[in-house]
Amino acid sequence: MKKNSIKLFTLAAVVVCCMSANAAKPKFPLLPTAPYDTIIDGQKVALYTIKKGKVAAQIINYGGFVVGLYAPDKNGEYANLVTHYDDIHQYMRYNMGMVGPALGRYANRIANGKFTLDGKEYNITKNSGQHTLHGGAKGFDHTAWKVVKAKKDKLILSCVLPDGLDGFPGTLTTTLTYSITKDGGLQISYEATTDKATVVNLSNHTYFNLDGVGNGDIMDHELYINAAFITETDRSNIPTGDLGMVDGSPYDFQKPVRIGDRQYSPAPPQPGQGGGRGGFGGGFGGFGGQVPEGMVRNYDNNFCLIHEQQGKVEKVATLYSPKSGRFMEVWNNHPGLQVYTGARTAIALESQMYPDSPNHDFFPSTTLRPGEKYQHTVIYKLSVK
């Protein structure tokens, strides 16, 4: 009788443990893979899922787009935290929309589509008025990347941009790694080499809404950025070469600040006046009216980050939603963070070098030479509080 009691107790314990394990297993609301399957430039394109613990991400190897990022809120509920399109055909038509591609070979802007390197002037593709934006007509975001390795918690991609593409010198060979860290972060890492002196600035343009895409805007999100200066720009968002102090200005996020306290937020556009695809309001309507003093219409600015040790991956920014309780830390090893709030439905926090650096001698250098290795890491670490 005693032996039977022990067996029953052991069986009950096993059942309870199994039930607890199943209850704790995250139920990620993953996007279906079929709408993203195709062949582009002879390369198979698919939607890949990586996950570890309570965080998962979905990436397509066309453009390196982050299509999904999932983490629990304070009640343990999951949602997709990044803007996205619903199928690969929308990504193929992408033209600087509110979705999250890999950016290169030069993220952000280069003034007047030209720069001088080692005494030679290079004229590059102008795709933003008179300027070059995010690498020209065919950068990382319009490239089918080769899948080097796809593991449960890591996806490694590679691509080669040929010498002369969009006017840039040098064959740029890049390895891009997405991984989920043990402490709940989406880590994006680049390594790149060249066979000729060139300029390199690689980034990622994912847009975040910590309440979940489609669940309102980000005006109640609280933002902190460890930066005392921004790069000042002209009306076309080209750096003037001067740095502006953020103290006491709408750009002062040296302590956590509600974004809506700094950004003008008029009534949203009515149905039919704009809106985006893929389940998010990506339109740019609703910006009319006079901006109150001490506020901005929206953010599209490079913040000059403070690092204790140059080149070390350090925490440089945080984003928090009181509504969902989700808290995101941004860690990187680059000197700039481009903050873009678009249509107020989501926010991009782009780790990068400074925009237009090739045309400003005292900006951190973006020159890469043969024999050197470009390395860039950014981590978007998710938790709740």
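This report describes one glutamate in a strand, a four-stranded sheet and a second glutamate in a loop. The model is predicted.

**Residue E329**

E329 belongs to strand β25, which spans residues 326-332. This glutamate is buried but forms no salt bridge. The nearest side chain of opposite charge is that of K381, at 4.0 Å. A polar contact of 2.8 Å, by comparison, links the side chain of E329 to that of W331. When neighbours within four places in sequence are set aside, the contacts of E329 are K315, A317, T318, I379, Y380 and K381. K381 thus appears both among these contacts and as the nearest side chain of opposite charge.

**The sheet β3-β4-β5-β6**

Four strands form an open sheet in the order β3-β4-β5-β6, and their pairing is antiparallel. Strands β3 and β6 lie at the edges, each pairing on one side only. On average, neighbouring strands in this sheet are turned by 15° against each other, direction ignored. Within the sheet, β4 and β5 are joined by 4 bridges. One residue pair can be named here: A56 has Y70 in β5 as its bridge partner.

The residue ranges of the strands are listed below.

| Strand | Residues |
|---|---|
| β3 | 47-52 |
| β4 | 55-60 |
| β5 | 66-72 |
| β6 | 78-80 |

**Residue E293**

E293 is located in the loop that connects β22 (257-258) with β23 (300-305). Its relative accessible area is 83%, so E293 is classed as exposed. Along the chain, E293 and Y264 are 29 residues apart, and their C-alpha atoms are separated by 9.7 Å. The two glutamates can therefore be contrasted: E329 is buried, whereas E293 is exposed.

Conventions. Residues numbered from 1 in each chain as written. Predicted model: local features only at pLDDT ≥ 70, side-chain atom pairs only at ≥ 80, totals over all residues. Heavy atoms only, no water. Helix = DSSP H or I, 4+ residues; strand = E, 2+ residues; numbered from the N terminus. Buried < 20%, exposed > 50% of the residue type's maximum accessible area, 1.4 Å probe, protein only. Lys, Arg positive; Asp, Glu negative; His and termini not counted. Polar contact = N/O pair within 3.5 Å; in protein donor to acceptor, adjacent residues only side chain to side chain. Contact = heavy atoms within 4.5 Å. Pairing = 2+ DSSP bridges. Axes fitted to C-alpha atoms, helices over the stretch in contact; angles between N-to-C directions.
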